[in-house]
Amino acid sequence: MDLINQIGISYKANYLIQGNYEERCEMSTKLRANNTELRIKSDGKDFDISNILKSYRGNIIFHIPSVSIDLSNLKNLNSKVRTLINNNVKMVNINASNLSLDLFEWSTIEEQKKYFLNIVTGIATLAANKIVVCIENMPSNSDDSMFGCNYNQISDILVYSRKLLIKDFGFNENDATNYIGLCLNISVLEKENQITSLGEWFSIFNKNIKCIKFSNGELLDSILDFVISNEYDGPILFETKSELEEIEQDYISIDKKVKEKLNQYNMVIGDYKIKTLTDSGFSNIIVLSIILITIAIAILMVIVKVRG
């Protein structure tokens, strides 16, 4: 477990507030955030992974659009996932579904089975590319609630998508478990006034949790207690809609709380994997180059003076 480098940022706002992918990655680098979640738009615009990787050396997680209940966008999503894999992306987060809970509940049993089969088929197909697919829990108290808003529905999706990964794609049980997991969005539970059930989510899913998101720094203490006691080693993402210049102070506060928790548990505070420009050694190279150039100029001036 490397707690300092498990912390990261999930950028949730639009371009006008948080800038483009490159600007967000520059902020993550500045803050030494080893994990960064970016969102792929449903229309796929501005998706240029090669440019993103030029400005960031940490672990990039992409939140991808949901699979349509008729699987109409699955081919396109699968193509994007393969592009991500080719660029060394190891994990994607995806909302449990875009199936309206009202539509599901008012459908016949046969229709419900078809809807559910399409949901798990989409998840399994993406995971079959050997990328970790994390199913993110959905809000439950809104007018447009989607299937996947409680732990029973999430559990069913996990179980049956893994079964399909084994049955249809030839994975073994251990690999199926590794490639499909839960992204526990604690922000959703908080907004739904279900934060008291956080312990149940931790207890029920435990080792199935592969990514954690939160937006309230006050909850970080409880999150870190779970992380440390269960030796959770996945990303812990601070989800924010704030403007870039406002994120820095919030993240510094979170980083401080993590270090305080490590001290509380008498754990070693490790080094950051993400280096700033100053830390990376480039500044030393620049300084050395300036010195060498200065010396060379001085020597040339002496030569010119002697010849003169």
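**View 1. Contacts and surface of the whole protein chain.** Of the contacts in the protein chain between residues at least 6 apart in sequence, 74% join residues at least 24 apart, as computed from a predicted model. The secondary structure of this chain comes to 14 helices and eight strands, and buried residues account for 47% of its 308 residues. The chain exposes about 16100 Å², of which carbon and sulfur atoms supply 53%.

**View 2. The barrel of eight strands.** Eight strands, taken in the order β1-β2-β3-β4-β5-β6-β7-β8, close into a barrel with parallel pairing. On average, and with direction ignored, neighbouring strands of this sheet are turned by 25° against each other. In general, the strands of a sheet pair through backbone hydrogen bonds, either parallel or antiparallel.

**View 3. Strands β5 and β6 with helix α8.** Strand β5, which spans residues 132–136, pairs in the parallel sense with strand β6, residues 180–185, over four bridges. Within this part of the barrel, Cys 134 stands opposite Gly 181 in β6. Helix α8, formed by residues 151–169, packs on the sheet and touches both β5 and β6, while the direction of helix α8 makes about 160° with that of β6.

**View 4. Helix α13 across strands β1, β7 and β8.** Helix α13, made up of residues 244–264, lies across three strands, namely β1 (7–11), β7 (209–214) and β8 (236–240). Relative to β1, helix α13 runs at about 155°. The strands β1 and β8 shown here stand at the two ends of the order in which the eight strands close into the barrel.

Note on methods: Residues are numbered from 1 along each chain as its sequence is written. This is a predicted model: local features need pLDDT of at least 70, side-chain atom pairs count only at pLDDT 80 or more; totals for chains, interfaces and linings use all residues. Side-chain values use heavy atoms; hydrogens and water are left out. Two strands pair if DSSP finds at least two bridges between them. Axes are lines fitted to C-alpha atoms, for helices over the stretch in contact, and angles run from 0 to 180 degrees between N-to-C directions. Contact means heavy atoms within 4.5 Å. Buried means under 20% relative accessible area, exposed over 50%, partly exposed in between (1.4 Å probe, protein chains only). Accessible areas come from the Shrake-Rupley method with a 1.4 Å probe; for residues, only the protein chains shown count as cover.
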